[in-house]
Structures are given as C-alpha cells and as structure tokens.
Amino acid sequence: MAPDPLVRLQAVSKIFPGGIVGLDAVDLDIARGEFLTLLGPSGCGKTTSLRVIAGFESPSSGEVLLEGRDITALRPFDRPVNTVFQDYALFPHMNVAENVGFGLSLRRLTRAEQAKRVGEALDMVGLADKIGARVSELSGGQRQRVALARAIVCEPRVLLLDEPLSALDAHLREQMQVELKRLQSRLGTTFVMVTHDQTEALSISDRIVVMNKGRIEQIAPPATLYDRPATKFVASFIGTMNLLQSRFLGRDGDRLRFAAGALPLEAVSETGELPGEGAVRTIGVRPEDLLATTEAAAGTAPVRVTSIVFHGRTLRLHAELEQGAPVVIDAPRRAEGFQFSVGDVAHISLRRGANCPMLSN
Ligand SMILES: Nc1ncnc2c1ncn2[C@@H]1O[C@H](COP(=O)(O)OP(=O)(O)OP(=O)(O)O)[C@@H](O)[C@H]1O
C-alpha cells in the first residue's frame, strides 16, 4: 500500500466572487519529500492551489489534509507550511540576518539558538558571508537566497514556492534551478512550486501537475509527461508535439496502427482504449520522431516544406501534409546526401520504435 500523502487536497473547489472558477474539484496527493511543480498557463489555478495549501485562501468546498488531519480551517500561521513569494517580500530596512530571523522571533527560542539557526540557513543557501549586509546591497539572486533562507529557517513540513525564479535573468535562473533542487534534496523537505515555464518544471521536479482551467489534466514525472502525455492540452503544453488527425487501421500486439493521410503511424494507448476500425484519433508525434528524406519509399508520405528554422544541431522543418495539415520535423543538420529548401517536397516517416501517444481531448 502506498504511504499516506503528506498533503491531500480532496475535491477542493474555489469559486471567486462573480462565479469565477479558481479550482474545480481538485484531488491531489503530495508525497513526503517530493519536489512537486504546478504547471499551466496563466489563470489555470496554480497560485490558488498554493494559497489553499498555505491557508491564505479557504476552499469553497472540499478539504485540505496534512498527514490525514483536516487542516482546512487552520490559519496560515498555525500550519507547518512556509511560502517563498515571487517578489521575495523581504524587509528592506532589515539586514540579511534580521530578515532570515524574523520568522523565528515569533517562537520561543533563546538568542543563541536563533543566531545558530539563522547561520545554518544562510550556510545552506551559500550566503554566510552576507549575514550583516543590507537587503538593498544584494543582487537579485542573493535576495532570492535570503527569501529561501527565511523560509527554511522555520523548518516547515512543506515549502511553497510561487514562481520563485521569475525575477531572475535566464542564466541566473538556470543556475538557481540547480541550487533549488540541491537544497531540496539536502533538506528532504517537501517543495511545492508554481511555474508557467515548462523547461523549468521539467528540469527541477520529481512530479509535475499540469493544470488547465482549474482542473488537473495530468500528474506524472517529467519523462512520463514528455513521452506519454495523456491529453492534447498536455501534449501541446510540454515541448513541441505534432497533433495528427489519424485513422485507426488495426493493432499489432499493444501497438496501434494509424495513418495520418498517407503517413503510417504507430501509437500506444495510455488508457487502454481500443478505437473502432476507421475511427479518427489525435496522435501526438514529436518532431524528433519524424525522419525526412528526399526519396519516397515504403512507409513515407510527401510533405511540402514551408519554412526552415535553425536550431543548432538540428534544422526544424515546418511542412504541410497533402491535406494541408501542418507538421514539424527536426532533421539533423549534417544529414548525408540531402538538403532541403523552402518549397521542396520531403518524404517523411516515423522513426522506428517511436512512442506516439494516442491523445484524448
Ligand atoms: N482574489 C481573486 N478574485 C477573483 N478571481 C480570482 C482571484 N484570485 C484568482 N482569481 C481567478 O481564479 C483563476 C485562477 O487564478 P490563479 O491565480 O490561481 O491562476 P494562476 O494559474 O496562478 O495564473 P498566473 O500564472 O497568471 O499567476 C483566474 O481566473 C483568476 O482570475
């Protein structure tokens, strides 16, 4: 039997004034020690989920459980939960040590104990040498670390992070992603992070919750989400995916044979659903799972190249299948013996062994 989750959202809905749906019957189990990321477009309910867990927002219906105990009515400060906000919410008139120690000052600790814990938290985030610095003297990345230290110093059971890296430039952001993940592993604390950046979610999380319109579309580890998205929404939100309307031809063991126009495809069904013969389904095909050649052969379909985009090691061909359906192919740049130009006809086929998901709506 799976161990009890640390946090459980049970049929949580949040309806804002005016009937705006923030969350729509969300069920979510968060495991002890995991790095869970809430991912989705603007307005999908990520921040509302976080605020419900923190206690800043009370659900319209449903329960929030912590280790099986109903904490729905508990005030934020009575929950063993801390939040790192997008803008860090640091006190500009206090120095680094005072900012980090602020949460502790509400607890009954001796001054010596407080100072020790502040020192340890700053060590954890690599800022021990800035202990006396004013917040205004710090860079964006350093402020971010102070905010983290202030949140971890209270040793919360759950650390909530609302777009914690969004104020940083791309380079620093990537570096902080690695640091955040390392910090989480060292602490063993459960982290729940909100982001709308899929690359960030994929690189940092143990599991990702993809949200859409107040509901959960799919919960899975990054590789599963990438390789086997369950819905069209998830497929198009994570990386680039061709969504090809395809006719079901029959099955070969657990492989389902389809055709998108003249292009033969093989797919797997996540749900176990077996379509009727001739039924049309959407098959998700990654650009790297399509091969392009200049010559027609068995198993290829012709496409017309409409544009070519330089992607470093690969060229991304944007093309059209016979019926005008758009398709994107990643072709290696140093492919022997062929080159494509806009307007050319290329012959594409599915890479052997590609795992194409059959997607539901
Ligand atoms: N206090 C509020 N009053 C009214 N509507 C709200 C309130 N807070 C959130 N909403 C609405 O609830 C929905 C979910 O909002 P939420 O902030 O959770 O989305 P989000 O996924 O975090 O978006 P973003 O990425 O833009 O922060 C949106 O339609 C939003 O407009």
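**A first walk through the model**

1. A good place to start is an open sheet of 5 strands, whose order is 15-19-16-17-18 and whose pairing is antiparallel. At its edges stand strand 15 and strand 18 (326-332), each of which pairs on one side only. On average, neighbouring strands of this sheet are turned by 45° against each other, direction ignored. Please keep in mind as you read that this is a predicted model.

2. Let us follow that sheet strand by strand. Strand 15 (residues 290-293) and strand 19 (residues 345-350) run antiparallel and are joined by 4 bridges. If you would like a landmark here, Leu291 stands opposite Ser349 in strand 19.

3. On we go to strand 16 (residues 301-311), which pairs with strand 19 in the antiparallel sense over 4 bridges. For this pair, look for Ala301, whose bridge partner in strand 19 is Ile348. Strand 16 also runs antiparallel to strand 17 (residues 314-320), and 7 bridges join the two. There, Ser307 has His318 of strand 17 as its bridge partner.

4. Now for another sheet. This one is an open sheet of 6 strands in the order 6-7-8-3-9-10, and its pairing is mixed. Why is one side of strand 6 (81-84) and of strand 10 (215-220) left without a neighbour in the sheet? Both strands stand at the edges and have a single partner strand each, so one side of each has no neighbour there. Neighbouring strands of this sheet are turned against each other by 20° on average, direction ignored.

5. The end of this sheet with strand 10 deserves a closer look. Strand 9 (residues 207-212) and strand 10 run antiparallel, with 5 bridges joining them. Two bridge partnerships help you to find your way: Ile208 is partnered by Ala220 in strand 10, and Val210 by Gln218 in strand 10. Strand 9 and strand 10 form a hairpin with 2 residues between the strands, and in this hairpin Lys213 takes a positive phi near 50°.

6. Which strands of the sheet does helix 1 touch? Helix 1 packs on the sheet and touches strand 3 (35-39), strand 6, strand 7 (158-162), strand 8 (190-195) and strand 9. The direction of helix 1 makes about 150° with that of strand 7. Helix 4 (residues 140-152) lies across strand 6 and strand 7, and runs at about 175° to strand 6.

7. Helix 1 (46-54) comes up again at the ligand. Together with strand 2 (20-30), helix 1 belongs to the elements that each supply at least two residues of the shell around the ligand. Helix 1 gives the most to this shell, with 3 residues.

8. Which residues surround the ligand? They are Phe16, Ile20, Gly22, Gly40, Ser42, Gly43, Cys44, Gly45, Lys46, Thr47, Thr48 and His196. By character, the residues of the shell divide into 8 polar, 3 nonpolar and 1 charged.

9. Stepping back to the whole protein, the domain assignment gives domain 1 (7-235) and domain 2 (240-359). The C-alpha centres of the two domains lie 39 Å apart. Their contact takes 7 residues from domain 1 and 8 residues from domain 2. On the side of domain 1 that touches domain 2, the residues divide into 3 nonpolar, 1 polar and 3 charged.

10. One last point concerns the record. In an unreviewed entry, UniProt lists residues 7-238 for "domain: ABC transporter". In the model, this span is 34% helix and 26% strand, and the end C-alpha atoms of residues 7-238 lie 26 Å apart.

Terms used: Residues are numbered from 1 along each chain as its sequence is written. This is a predicted model: local features need pLDDT of at least 70, side-chain atom pairs count only at pLDDT 80 or more; totals for chains, interfaces and linings use all residues. A residue is near a molecule or strand if its C-beta atom, placed from the backbone, lies within 6 Å of it. Ala, Val, Leu, Ile, Met, Phe, Trp, Tyr, Cys and Pro count as nonpolar, Asp, Glu, Lys and Arg as charged, and the others, Gly among them, as polar. Domain bounds come from an automatic or database domain assignment. Two residues are in contact if their C-beta atoms, placed from the backbone, lie within 7 Å. UniProt positions are given in the numbering used here, feature names are shortened, and annotations may be inferred rather than shown by experiment. Two strands pair if DSSP finds at least two bridges between them. Axes are lines fitted to C-alpha atoms, for helices over the stretch in contact, and angles run from 0 to 180 degrees between N-to-C directions.
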